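Biologist: Could you take me on a close look at one part of this protein? I'd like to hear about the helices that pack against each other, and then about the empty spaces around them.

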Amino acid sequence: MDEKTLAETARKMVAPGRGILAADESTGTIKKRFDSISVESTEENRRAYRDLLFTTPGAEDYISGVILFEETLFQASADGTPFSKLLAARDIIPGIKVDKGAKDLAGAPGETVTEGLDGLRERLEKYREAGARFAKWRAVITIADGLPSDYAIDVNAHALARYAALCQEANITPIVEPEVLMDGDNTIEVCERVTTDVLNATFDALRRQRVLLEGMVLKPNMVIAGKKCPQQADVQTVAAATLRTLKRCVPSAVPGIAFLSGGQSDELATQHLDAMNKHDASPWSLTFSYGRALQAPALKAWGGSTANVESAQKAYFHRAKLNGLAATGRYSEAMEEAA
């Protein structure tokens with residue numbers, strides 16, 4: 001394990017004013033995205049769509065890294081340049097989603113555990129040869145009546161730590177993503193309590209499995225009420241609750257926190273990030289690792305047509321820029337009108 005390389009990559013991933021594009025949608029998930037714009041999810045259409053994102057002029061000013069799906073890591077741009085080399089040449093770090101998705105957890109109805117540890121050591125070697133320098137593994141925690149159980153929290157924390165240790169052994173910087181879903185009707189207070197439990201369990205497991213905290217990036221949910229909750233907290237309340245939870249749970253040795261958007265609207269995800277960065281200084285760099293919240297305007301503008309590539313790239317660049325500004329507390333809602 002090269003501790004210096006791991007830490008340098010982590011710091012670069014969360015460099016001031018830059019964040020991470022999550023372009024690692026599984027084949028099933030991107031099919032749903034393409035269905036929404038009436039585009040067939042063929043390998044070529046998936047390649048072409050990702051190509052327009054990765055070649056967007058100026059995006060490297062605000063995007064430090066891209067999480068790729070396995071298929072995409074081995075694809076190339078229209079000119080034949082492998083995507084991993086194209087990104088690296090633009091000072092954007094190529095990364096790879098390595099988990100195999102959340103599956104039903106035995107003995108725990110309504111809960112899941114993320115699979116993909118079998119054969120991971122060998123896959124990481126292959127991914128590094130293909131140019132990946134960081135990886136991502138997502139654990140999913142559901143809030144519902146009586147959920148989550150300590151059992152589900154613990155097995156997911158254990159898997160995250162095993163994954164992170166294997167990544168660091170392969171000199172690949174891990175993104176550790178314990179996501180508490182915002183799909184329920186729970187209040188923000190319940191989310192804060194569950195997120196606290198999840199983060200504490202995750203860092204306990206990381207320490208036990210000898211993961212170098214300086215050589216990883218945390219990708220957590222924000223502390224937010226469930227989408228079905230009738231009482232939604234305002235932006236400042238979400239920012240304060242999220243920061244309070246992180247300061248209680250996350251060691252300062254972790255170089256950065258790259259939030260997931262978790263189903264928030266594009267603008268709200270940006271507003272929450274900005275509000276956190278306008279608060280008192282935190283021990284970490286606070287940035288973004290958004291998927292749909294970065295891509296939705298671009299996907300809609302593209303519509304599967306090569307004639308729309310330029311307008312799609314402008315839409316993607318605009319959201320990347322606004323989130324980059326939010327990552328340093330320099331965003332304002334008035335900037336939304338400047339698209």
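Modeller: Here is a walk through the helix packing, followed by the cavities, the pocket and two backbone oddities. Keep in mind that this is a predicted model.

Let's start with α7 and α8. The axes of these two helices come within 8 Å and cross at roughly 40 degrees. An angle under 35 degrees would count as roughly parallel and 65 to 115 as roughly perpendicular, so α7 and α8 are oblique to each other. Their crossing is right-handed. On the α7 side the touching residues are Ile153, Asp154, Ala157, His158, Leu160, Ala161 and Ala164, and they meet Asp197, Val198, Ala201, Thr202, Ala205 and Leu206 of α8. Sorted by class, that contact holds 9 nonpolar, 2 polar and 2 charged residues.

Some of those names come back when you look for enclosed space. The model has 2 cavities of 30 Å³ or more, and the second largest has a volume of about 30 Å³. Its lining is made of Ala139, Ile141, Ile153, Asn156, Ala157, Leu160, Pro178, Val198 and Thr202. Two or more of these lining residues come from each of β6, α7 and α8, and α7 gives the largest share, with 4 residues. So what is the class make-up of the lining of this second largest cavity? There are 7 nonpolar and 2 polar residues, with no charged ones. Ile153, Ala157 and Leu160 of α7 are in the contact with α8, and they also line this cavity. From α8, Val198 and Thr202 do the same double job, touching α7 and lining the cavity.

The largest cavity has a volume of about 40 Å³. Around it you'll find Val180, Leu181, Met182, Asn221, Met222, Ile224, Leu260, Ser261, Gly262 and Gln264. This lining splits into 6 nonpolar and 4 polar residues, again with no charged ones.

Now move along the chain to α10, a helix with two packing partners to look at. With α9 (residues 235–249), α10 (residues 266–278) makes an angle of about 60 degrees, and the axes are 9 Å apart. That angle falls short of the 65 where roughly perpendicular begins, and α9 and α10 are therefore oblique to each other. The crossing here is right-handed. From α9, the contact uses Val235, Gln236, Val238, Ala239, Thr242 and Leu243, while α10 brings Leu268, Gln271, His272, Ala275 and Met276. By class it comes to 7 nonpolar and 4 polar residues, with no charged ones.

The other partner is α12 (residues 309–326), whose axis comes within 8 Å of that of α10, with a crossing of roughly 20 degrees. This makes α10 roughly parallel to α12. On the α10 side are Asp266, Glu267, Thr270, Leu273, Asp274 and Asn277, and facing them in α12 are Arg319, Leu322, Asn323, Leu325 and Ala326. Charged residues do turn up in this contact, which has 4 nonpolar, 3 polar and 4 charged.

What about open space? The largest pocket holds about 790 Å³. A set of 31 residues lines it, and Thr29, Arg33, Lys136, Arg138 and Glu179 lie nearest its centre. At least two lining residues come from each of α2 (27–35), β4 (102–104), β6 (134–141), β7 (173–180) and β10 (285–290). You met β6 earlier, as one of the elements around the second largest cavity. The pocket lining counts 15 charged, 9 polar and 7 nonpolar residues, whereas the largest cavity has no charged residues in its lining.

Finally, the backbone has two spots to check. Most residues other than glycine have a negative phi, and most peptide bonds are trans. In this model, Leu147 and Pro148 are joined by a cis peptide bond, with omega about 5 degrees. You can find Pro148 in the loop between β6 and α7 (150–169), which leads back to the helix we began with. The other spot is Asp91, where phi is positive, about 65 degrees, although the residue is not a glycine. Asp91 sits in the loop between α5 (83–89) and β3 (93–97).

Technical notes
Residues numbered from 1 in each chain as written. Predicted model: local features only at pLDDT ≥ 70, side-chain atom pairs only at ≥ 80, totals over all residues. Heavy atoms only, no water. Axes fitted to C-alpha atoms, helices over the stretch in contact; angles between N-to-C directions. Parallel < 35°, antiparallel > 145°, perpendicular 65-115°, else oblique. Left-handed = near helix turned anticlockwise from the far one by under 90°. Contact = heavy atoms within 4.5 Å. Nonpolar A, V, L, I, M, F, W, Y, C, P; charged D, E, K, R; others polar. 1 Å grid on protein atoms, 1.4 Å probe; cavity = no way out; pocket = protein on both sides within 12 Å on 5 of 7 lines; lining within 4 Å. Points joined across faces, edges and corners; volume = space filled by probe spheres on them.
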